[in-house]
Amino acid sequence: MTELHTLTIAESRAALDAGEITSVELTEAFLKRIHAVEPQIKAFLTVTGELALEQAHAADSQRNGSPRSPLHGVPFAIKDVICTRDIPTTAGSRILEGFVPPYDATVTARLRAGGAVLLGKVNCDEFAMGSSNENSAYFPTYNPWDTDRVPGGSSGGSAAAVAALETPGSLGTETGGSVRQPSGLCGISGLKPTYGRVSRYGLIAFASSLDQIGPLAWTVADLALILQVIAGHDPLDGTSSAQPVPDYSAALTGDVRGLRVGVPREYFAEGLDADVERVVRTAIETLRDQGAELVDISLPHTRYAIPTYYIIAPAEASSNLARFDGVRYGPRLPGDGLWEQIERTRGELFGPEVRRRIMIGTYALSAGYYDAYYRRAQQVRTLISRDFEQAFTQVDVIATPTSPTIAFLLGQKTDDPLAMYLSDVYTVTANLAGLPGLSVPCGFSQQMPVGLQFIGKLLDEPTLLRVGDAYQRMTDWHKQRPKL
Amino acid sequence: MTDYIATIGLEIHAQVRTTAKMFDGCSADYAGGDPNTRVSVVSLGLPGALPVVNMRAIEMAAMSGLAINCTVQHTSVFSRKSYIYPDLPKGFQITQYDQPICTDGWVEIDGDDGQPKRIGIERLHIEEDTGRLVHSTDGASLIDYNRSGVPLMEIVSRPDIGSAEEAKRYFQKLRQILLWIGVNSGNLEEGALRCDANVSVRPVHQKEYGAKVEIKNINSFRFVERAIAYEIQRQIDELESGGHIVQETRGWNEAQGITVSQRSKESAHDYRYFPEPDIPPLVLDDAWIAARRAEMPELPDARRDRFMAEYGLSKQDAELLTMERPIADYYVAAVTAAAQRGGSAKDVANWVGGELFRLLKDAGEGFEVLHERMPPLHIAEVLGLLAQDIVNRTVAKQVFEESFQTGNSPAQIVDEQGLKQISDTGALAALAQVVIANNPKAVEEYRKGKKTAIKFLVGQVMKATKGQANPQAATTALETILDTEV
């Protein structure tokens, strides 16, 4: 029999439902795999082995009849910026070292209610700020395809854990591409749903108007299963969408005939690695072969996306991170009086990239600068959204590279924040416009995976997932596994 | 010496009396439990917590806006106001900044010239209250987050107030309205209403306003008046002695009766306001606003004018009886009940405003217990007993008080204790004879022409009847004997 840790979620689901395997067996297989490869990958900040086995036992004992959810009895990992009751949640930061939330994020609660088995909390850039996982205050995570390279970020742990077969699926979070970019660099599939489709309640905020939780797994079919469990209106999140949740798996028809796929010329311009471009263009051609229509489109404000993002995201972050002062939770450094304690705690326990963004954001919101920076950035954001609205009058979905390059070497960009920021150049636009985005593996360059991105209309995850799944029915890039 | 004009604007913070806090389902009864027992992940600002608007607070804020003649905006926006202080768990306060829920209203007060004066309202916006710091005796600072997230309204007046007295009357008028429509407890001591004042002065011949000084946290009507009066004089003195006024924030020191500089304009906070991304813009349509209008009771000034027109009350009486809504409602019920027993609206006003308020004050009770302590039927009975000459005023007061204390019906008290007035001419004539025989000195004075001496003799008749004699009838009985028997 196949080794259980190589199963996808859909395969696990089928085997569990057929009674061929138990959740405990499956969970034990993944815990064993974690034990074996974790020293090389370092994807997990916390492994909750005992809890996982308890939940697996419970899942097995409750499994008479139909499963409680597609994830019933299926092992899972959660990015460490998402609150988990009674389980440490650090956001990859020293300032939350030892913090144990007294409550579950809505997604955590939905996974628990759906009978999923929590393997542990996975590593990320501190407060999800970064594109390589090198900003984790604890340790970097390594790319399973080449451990000299980064897994991407900020959901690097979520991506690497799937790619290293330590978990069949995980939750990551996005603010500017943090699910899609590491998914692309690690050769797996990752989805950023429409802003508001998945509740942010319990997600430690980075930039509230951009943040969104999304799933990572090997296949698009698996992403549909996970999304089905976590999507939906949440009265605890005022920005959560009240629109009904469709049946995502039912949308996976494999049929892309007549689908109009937009190819924006701005995403194939300067800065895109030539070999990555070749791989992505070849992948897009595959869709044409299956009856989709390729349409050349323009998203003219694309080049403003990175500067716009790097005003709005740090501005919101500077405010969201103001609560971390050591007064109520987390470590507090000693000092002479309250203000010195707060200054030391924040000054020494936030990492350099987080401090940089707090300073940028504070500046952008300051009296006299607000209009020139924050207000202007919001105006440009509107223009970027309008680019997409315009494009979606001509096409059903947009196809682009996920990232301009393959996974880079550790340390290659740590001294050059701007170069690091450009790693998200093709993904931040969907966050700014609130649109859903999907990355699927589409080939290799220098033996490293390349990601193909699809961007969809607001709340049109069904079409997005359909095209991604159709692509995977035609190709087997998502079946490639790193040699560890 | 130059004459000066004072220009004053008030910023009133009023807690909104909802069951739950502004942005979570947690109880807003912050004083009703031990410290940090009225908290949730939201009001503690834990990582990942999100605010969700309590629509009841929005309804009450909109109603308040309508009550002070504001326009309720179809779209308003929540913003974050950033500053670091341990009682503010998120490091920012959720408030409204450039798009408040209500704008452009007015409140009418009595101006210093005795004429009605409209004080403009610039805006009313919604925000959340902070926690509270408690400084313990060992020097530690403790934080109680029970109050964190309690809904607040900030009501900002235009600089239309011209004196400390007007400021006080405006503050009182706002309290009256907010209490009346049930959105605020009106309790200044507990901080349910708090006031900051902006004060400037300028010589009468000068057109532009003088530099503005903000006085923070003046939390009683008396202190509002005193602090502003002090500040106006301080500024005038400063200008008269050749100095100038700096724009700054000052605090009111109650003990010394002075304002003290707290921070200058230069060191003012940069609050870095920006739209709260966790809360979508608040959109209120016409139907929603109409529903708030429909929810609105008749307001105190309208009720006062109606009392004057319908019941012929003086403005003073009408104002007294519309001070708080339970009084006005009680008064109307009492008038209705008394009408069937021959008591006039004016009589009811006198008894409520006099005897009843005194008894209530002595008992240390609030107006909300009026119906319970003195049912309208009981006050009507007292007036009926008087109208039918069954008791005199002295006995009526005794019966009224006993009814207030025991809850027994006044008619029953009179019956059981035999307190009916003695008006029987024969009985009073006999008594008069006895009193005249026993008080020769007073009789002699009366007969010598000192007619007021009869009051003493009437008093003796009253004493002999334990106050039950009809004083008019007793006087007649005495006069009949004294003036005929020489």
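**Salt bridges, buried charges and backbone turns in a predicted two-chain model**

In this predicted model, B:Lys173 counts as buried because its relative accessibility is 13%. Its charged side chain nevertheless has a partner: B:Lys173 meets B:Asp301 in a salt bridge, with N and O 2.5 Å apart. The two residues sit in separate helices of chain B, B:Lys173 in helix H2 (residues 164-180) and B:Asp301 in helix H5 (residues 300-311), so the pair ties together parts that are 128 residues apart in sequence.

Other charged pairs fill out this picture. Over all chains, a search of the whole structure finds 59 salt bridges. In chain B, B:Asp305 and B:Arg304 form one of them, the closest N and O atoms being 3.1 Å apart. The surroundings of these two partners can be set side by side: B:Arg304 is buried, at 10% relative accessible area, whereas B:Asp305, at 40%, counts as partly exposed. A network of salt bridges links B:Glu298, B:Arg303, B:Arg306, B:Glu310, B:Arg325 and B:Asp329. Chain A offers a further example, in which the side chains of A:Asp255 and A:Arg257 meet at 3.1 Å, N to O. Here A:Arg257 is exposed, with a relative accessible area of 65%, and A:Asp255 is partly exposed at 27%.

What happens when a buried acid has no salt bridge? A:Asp222 is such a case, since the nearest side chain of opposite charge, that of A:Arg481, is 7.6 Å away, and a salt bridge needs the atoms within 4 Å. A:Asp222 lies in helix H7 of chain A, which covers residues 220-230. A polar atom of the A:Asp222 side chain is found 2.8 Å from the backbone nitrogen of A:Ile9. Beyond its neighbours up to four places away in sequence, A:Asp222 touches A:Thr8, A:Ile9, A:Ala10 and A:Ala217.

A second buried acid, B:Asp129, belongs to a loop of chain B, between strand S7 (116-128) and strand S8 (132-135). Its relative accessible area is 3%, which means that B:Asp129 is buried. The side chain of B:Asp129 makes a polar contact of 3.4 Å with the side chain of B:Arg147. Leaving out residues up to four places away in sequence, the residues that B:Asp129 touches include B:Gln15, B:Ser148, B:Leu152 and B:Arg194.

Cysteines come next. How many disulfides does a search of the whole structure find over all chains? The search gives 0. A:Cys442, for instance, is in no disulfide, and the nearest cysteine sulfur, in A:Cys186, is 14 Å away. A:Cys442 is buried, with a relative accessible area of 3%. In chain B, the closest cysteine sulfur to that of B:Cys195 belongs to B:Cys70; the separation is 17 Å, too far for a bond. B:Cys195 is buried as well, at a relative accessible area of 0%.

Contacts also run from one chain to the other. A:Trp339, located in helix H10 (residues 338-349) of chain A, is in contact with B:Ile84 and B:Tyr85, leaving aside its neighbours within four places in sequence. A:Trp339 is partly exposed, with a relative accessible area of 42%. Within its own chain, A:Trp339 is 22 residues along from A:Ala317, and the C-alpha atoms of the two are separated by 21 Å.

The backbone has a few details worth pausing over. The peptide bond from A:Gly153 to A:Ser154 is cis, with omega near 5 degrees. A:Ser154 lies in the loop that joins strand S3 (117-122) to helix H5 (156-163) of chain A. In A:Lys42, phi is near 55 degrees, a positive value in a residue other than glycine. A:Lys42 is in the loop between helix H2 (23-41) and strand S1 (44-47) of chain A, where it is partly exposed at 30% relative accessibility. B:Lys466 likewise has a positive phi, near 55 degrees. This residue of chain B is in the loop between helix H15 (453-464) and helix H16 (471-484), and B:Lys466 is exposed, with a relative accessible area of 72%.

On a wider scale, the domain assignment of chain B gives domain 1 (4-290), domain 2 (298-417) and domain 3 (425-484). The C-alpha centres of domain 1 and domain 3 of chain B lie 66 Å apart.

Methods:
Residues numbered from 1 in each chain as written. Chains lettered and ligands numbered in written order. Predicted model: local features only at pLDDT ≥ 70, side-chain atom pairs only at ≥ 80, totals over all residues. Heavy atoms only, no water. Domains from an automatic or database assignment. Disulfide = S-S within 2.5 Å. Buried < 20%, exposed > 50% of the residue type's maximum accessible area, 1.4 Å probe, protein only. Helix = DSSP H or I, 4+ residues; strand = E, 2+ residues; numbered from the N terminus. Lys, Arg positive; Asp, Glu negative; His and termini not counted. Polar contact = N/O pair within 3.5 Å; in protein donor to acceptor, adjacent residues only side chain to side chain. Contact = heavy atoms within 4.5 Å.
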